[in-house]
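Let's take a walk through this structure together, chain by chain. Keep the view open as you read, and turn it around whenever a residue is named.

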Amino acid sequence: MGNTQAILSEKDQKDLLQAANFSEADIKKMYKRFVELDTNKNGQLDPQELFNVPEISENPLVKRVISIFDSNSDGKVSFVEFLVGITKLASSTDDFQKKKFAFDIYDLNKDGMISNGELFTVMKMMVGNNLNDVQLQQLVDRTIIQADKDGDGMISFDEFKDVTIIFEIIMLHF
Amino acid sequence: MEGAELAGKILSTWLTLVLGFILLPSVFGVSLGISEIYMKILVKTLEWATIRIEKGTPKESILKNSASVGIIQRDESPMEKGLSGLRGRDFELSDVFYFSKKGFEAIVEDEVTQRFSSEELVSWNLLTRTNVNFQYISLRLTMVWVLGVIVRYCVLLPLRVTLAFIGISLLVIGTTLVGQLPDSSLKNWLSELVHLTCCRICVRSLSGTIHYHNKQYRPQKGGICVANHTSPIDVLILTTDGCYAMVGQVHGGLMGIIQRAMVKACPHVWFERSEMKDRHLVTKRLKEHIADKKKLPILIFPEGTCINNTSVMMFKKGSFEIGGTIHPVAIKYNPQFGDAFWNSSKYNMVSYLLRMMTSWAIVCDVWYMPAMTREEGEDAVQFANRVKSAIAIQGGLTELPWDGGLKRAKVKDTLKEEQQKNYSKMIVGNGSLS
């Protein structure tokens, strides 16, 4: 498993280990998983590789989750992005982080605000063709009205925080 | 020349020993107990090695290295509970948590990908190939490992290769000879004898130790035998205890020769590659075979591909549409002595066989189970699932609904559409949308 050292630079490793309290064995395990998913062995996870896993491709929102992993928006997920992404939903991170994660799912253009169009797009992913666009738009409009305190027609992170409840999220155990 | 004479003498003594101790007893189905002694020594050695390893590594890392624990603890709650909803409640912004959590879980660890690679062992069994996490512990352990390598490669491997060679040649020659006889009960008896002898020789060539349970439920003539699939050796293991009619594609090369020879002695069902695509043709031929009560039971592996023996995947319904009695059989290998799983994308047949022959041994349990038939009002898919559950429970394997074909094929979109449909039903259910 000497490859782990080649992927992460010394500094990145230290930062990560500090931030997430991962041991070397933990990182090895996650590297093993990364390699399992990386079917064409180019050191990056392309969305296409992920969609070959049935449990991944059956999830309507997985494209959004992948783009959150992909922090530099190059369309692929590197091992560092993979590790960082896992820590985001680990049970040790606080509620703020978790709500931020959910917010990022909606915020397609990463500008810190959820617009009407963005909410529509994400909801469309969740319901597919089972609701027509008019019905969906109604739902979207109603949701925004309920959450939008400052009346700008968009949902900021503060407004989002107030209306969402956290469920018990992922339990990481090593 | 003296050297050549000496070599010749050694070779002939060795062959006589092999003949006397291994081949002859195989004909009569008798065991001389040599393999049992070998297994006892092996088990003692591995136990000793495990204790040494545990003493050597610090306590916490043993718990952490436990291979059976995954990276995350998965939440198996269904969509309704996960969205903490009653039916028909409105959409909420937090709904996205459920899907993103599930998506996240699937990325980190899913049920299917892990089944197509070999199972990780909890403690090392002194084979380099299973050495994932373990470091250098002590000199003695390394010495034992070196001894193990020598024994396996220099002593066992040549012996096993010789046996395999003898076994296969006998099979081809024997079945061709028997095939010359006219059809009669003598022919059937001889054909069974040849098959059984050669299979026993081949099993010994892998140092196989097989325990058969519940022999009273052994598949009868005119039935269909159904089992979970881990490797091509499954066939060998089952045919050592009884004769079956095989079903499969005609291959070229060595396999083809074996197939053609076998079919002369007793009626197996081999298909051309083009015929396999025609499901009606396949079903028809199989139906004809089982209708003849004198013919041997058919052996089928409904998963369609090799799985790593920790789980049972979807049974294809084709085998269950033929009718007739199904005799389920569960096969479970003990991974401590050698990993039997054939990862066909990683190893081809020859390197796989070499790996088998350089492992310690192949140890497995075979459970015969009571016969099952399709019930009234049950369709082929439900019947297939019922049989699959029974086999999974008996063998102590996890049961999965996924198709083994996913090893190579792409996933369909229908799964995602199912999820979307369910979710939409939830938020629209009470007609809150006008």
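Start with the aromatic rings: counting over all chains, the structure holds 14 aromatic pairs. One of them is formed by A:Phe157 and A:Phe160, a stacked pair with 6.5 Å from centre to centre and 25 degrees between the planes. Keep in mind that you're looking at a predicted model.

Where do A:Phe157 and A:Phe160 lie? Both belong to helix 11 of chain A, which covers residues 157-163, and they sit three residues apart, about one turn of the helix. An α-helix has 3.6 residues a turn, so residues three or four places apart point the same way. Are these two rings buried or exposed? A:Phe157 has a relative accessibility of 13%, so it counts as buried. A:Phe160 comes out at 0%, so it counts as buried too.

Now hop over to chain B for another stacked pair: B:Phe315 and B:Phe320 have 6.0 Å between their centres and 15 degrees between their planes. Both of these residues are buried. Back in chain A, there's an aromatic cluster to look for, made up of A:Tyr31, A:Phe34, A:Phe69, A:Phe79 and A:Phe82. And while you're hunting rings, find B:Trp360: B:Arg152 lies over its face, at 5.3 Å from the ring centre.

Time to step back and take in chain A. It has eleven helices and three strands. Reading from the N terminus, the order is α-α-α-α-α-α-α-α-β-α-α-β-α-β. Chain A has 174 residues, and buried ones make up 47% of them. What about contacts along the chain? Looking at those in chain A with a separation of 6 or more, 55% are between residues 24 or more positions apart.

Helix 9 of chain A, residues 116-127, is a nice one to check with a bit of arithmetic. It has twelve residues, so at 1.5 Å a residue it should span 16 Å, and its end C-alpha atoms are indeed 16 Å apart. Which residues of this helix are buried? They are A:Glu118, A:Leu119, A:Phe120, A:Val122, A:Met123, A:Met126 and A:Val127. Right after helix 9 of chain A comes A:Gly128, with a positive phi near 65 degrees.

Next, find A:Asn59, in the loop between helix 5 (54-57) and helix 6 (62-69) of chain A. It's a loop residue, but is it buried or exposed? Its relative accessibility is 3%, so A:Asn59 counts as buried. Its side chain reaches the backbone nitrogen of A:Leu61 at 2.8 Å. Leaving aside residues up to four places away in sequence, A:Asn59 touches B:Phe99, B:Lys102, B:Gly103 and B:Lys416.

Those contacts carry us over to chain B. Here you'll find 14 helices and ten strands. Chain B has 434 residues, of which 47% count as buried. Among its contacts between residues at least 6 apart in sequence, 78% join residues at least 24 apart. For one example of distant parts of the chain, look at B:Phe337 and B:Leu42: they are 295 residues apart along the chain, with their C-alpha atoms separated by 8.7 Å. B:Phe337 is in the loop between strand 8 (326-333) and helix 12 (349-357) of chain B, and its relative accessible area is 8%, so it is buried.

Helix 13 of chain B, residues 380-395, gets the same ruler treatment. With 16 residues at 1.5 Å a residue, it should span 22 Å, and its end C-alpha atoms are 22 Å apart, so the two agree. Its buried residues include B:Phe383, B:Val387, B:Lys388 and B:Ile391. What do the buried residues of this helix pack against? Their partners are strand 3 (224-227), strand 7 (311-312), strand 8, strand 9 (362-368) and strand 10 (398-399) of chain B. Just after the helix, B:Gly396 takes a positive phi of about 70 degrees.

One last stop brings in a database record. In an unreviewed UniProt entry, the annotation "transmembrane region" covers residues 12-34 and 161-181 of chain B. In the model, residues 161-181 of chain B are 95% helix and 0% strand, and the end C-alpha atoms of that span lie 31 Å apart.

How values were computed: Residues numbered from 1 in each chain as written. Chains lettered and ligands numbered in written order. Predicted model: local features only at pLDDT ≥ 70, side-chain atom pairs only at ≥ 80, totals over all residues. Heavy atoms only, no water. UniProt positions renumbered as here; feature names shortened; annotations may be inferred. Helix = DSSP H or I, 4+ residues; strand = E, 2+ residues; numbered from the N terminus. Buried < 20%, exposed > 50% of the residue type's maximum accessible area, 1.4 Å probe, protein only. Polar contact = N/O pair within 3.5 Å; in protein donor to acceptor, adjacent residues only side chain to side chain. Contact = heavy atoms within 4.5 Å. Expected span 1.5 Å × (residues − 1). Phe/Tyr/Trp six-rings, centres within 6.5 Å; stacked < 30°, edge-to-face > 60°. Lys NZ or Arg CZ within 6 Å of the ring centre and 35° of its normal.
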